[in-house]
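Biologist: Please take me closely through one part of this model, starting from a single side-chain contact and following the neighbouring residues outward from there. I should like the criteria stated as you go.

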Amino acid sequence: VQLQASGGGLVQAGGSLRLSCVTSGIIFKINKMGWYRQAPGKQRELVAGITSDGSTNYADSVKGRFTISRDNAKKSVYLQMNSLKPEDTAVYYCNADLIPVTTMISYTYWGQGTLVTVSS
């Protein structure tokens, strides 16, 4: 099982980016999916999460600006980021709590990270 994140880049403050994360492998079930970020010198923090039935939660710092969504058929999760600020600069990681067919045990898998840089 692998998670592949993409969509990062350099954007000016006030701009938008859309991150994508696709899960590969033979999967029995995907439960919660989410996006985390880690800025230089800081701990990794939750940005947004989404359950299998579509319930979402967001960090206070991104509420009203970021939107998480998922496509269960494509085994993918997305993060639409609007009104970006320089403080949003970080490496963004996707993750998924899922059950691979090979083990039938729930485990949290992480993507490799994609860099988002917001210039002022």
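Modeller: The side chain of T114 places a polar atom 3.1 Å from the backbone nitrogen of G8. This is a polar contact, meaning a pair of N or O atoms within 3.5 Å; within protein, one must be able to donate a hydrogen and the other to accept it, and residues adjacent in sequence count only if both atoms are side-chain atoms. The model is a predicted one, in which local features need pLDDT of at least 70 and side-chain atom pairs count only at pLDDT 80 or more, while totals for chains, interfaces and linings use all residues. Residues are numbered from 1 along each chain as its sequence is written, and side-chain values use heavy atoms, with hydrogens and water left out.

T114 belongs to strand β11, which covers residues 114-119 (strands are DSSP runs of E, at least two residues, and are numbered from the N terminus). With a relative accessibility of 9%, T114 is classed as buried (buried is under 20% relative accessible area, exposed over 50%, and partly exposed in between, with a 1.4 Å probe and protein chains only). Beyond its neighbours within four places in sequence, T114 is in contact with A5, S6, G7 and G8, with L19, and with A90, V91 and Y92 (contact means heavy atoms within 4.5 Å).

Of these partners, Y92 leads into the nonpolar core. Residues up to four places away in sequence aside, Y92 touches T114 along with L19, W35, Y36, R37, V47, F66, L79, M81, G113 and V116. Y92 is also one of the residues that touch the most other members of the largest nonpolar core, which has 30 residues; the others named are W35, V47, F66, V77, L79 and M81. Such a core is a set of buried Ala, Val, Leu, Ile, Met, Phe, Trp, Tyr and Cys residues joined through side-chain atoms within 4.5 Å. At least two residues of this core come from each of β1 (2-6), β3 (17-24), β4, β5 (45-50), β7 (66-71), β8 (76-81), β9 (90-100) and β11. Strand β9 supplies the largest share, 5 residues. In soluble globular proteins, nonpolar side chains tend to be buried together.

Strands β3 and β9 are also joined by a disulfide. The structure holds 1 disulfide, formed by C21 and C94 with their sulfur atoms 2.1 Å apart (the criterion is a pair of cysteine sulfur atoms within 2.5 Å). The link of C21 and C94 is right-handed, with 60° about the S-S bond. C21 in strand β3 and C94 in strand β9 are 73 residues apart, and the pair thereby connects distant parts of the chain. C21 is buried at 1% relative accessibility, and C94 is buried at 0%.

Y36, another contact of Y92, takes part in aromatic pairing. The whole structure contains 2 aromatic pairs. Because the ring planes of Y36 and W110 lie at 65°, with the centres 5.0 Å apart, this pair is edge-to-face (ring centres of Phe, Tyr and Trp, the last by its six-membered ring, must lie within 6.5 Å; planes under 30 degrees apart count as stacked, over 60 as edge-to-face and the rest as tilted). Distant parts of the chain meet here too: Y36 is in strand β4 (residues 27-38) and W110 in strand β10 (residues 107-110), 74 residues apart. Y36 is partly exposed at 23%, as W110 is at 36%. Y107 and Y109 make an edge-to-face pair as well, with 5.3 Å between centres and 75° between planes. Y107 has a relative accessibility of 55%, so this residue counts as exposed.

W110 leads on to R44, whose charged end sits over the ring of W110, 4.7 Å from the ring centre. The charged end of R44 also sits over the ring of Y93, 3.8 Å from that ring's centre (the test requires NZ of Lys or CZ of Arg within 6 Å of the ring centre and within 35 degrees of the ring normal). R44 lies in the loop between β4 and β5 and is partly exposed at 36%. Residues up to four places away in sequence aside, R44 touches Y36, R37, Q38, Y93 and W110. Y36 and R37 are thus contacts of R44 and also of Y92, the residue that touches T114.

Methods
Helix = DSSP H or I, 4+ residues; strand = E, 2+ residues; numbered from the N terminus.
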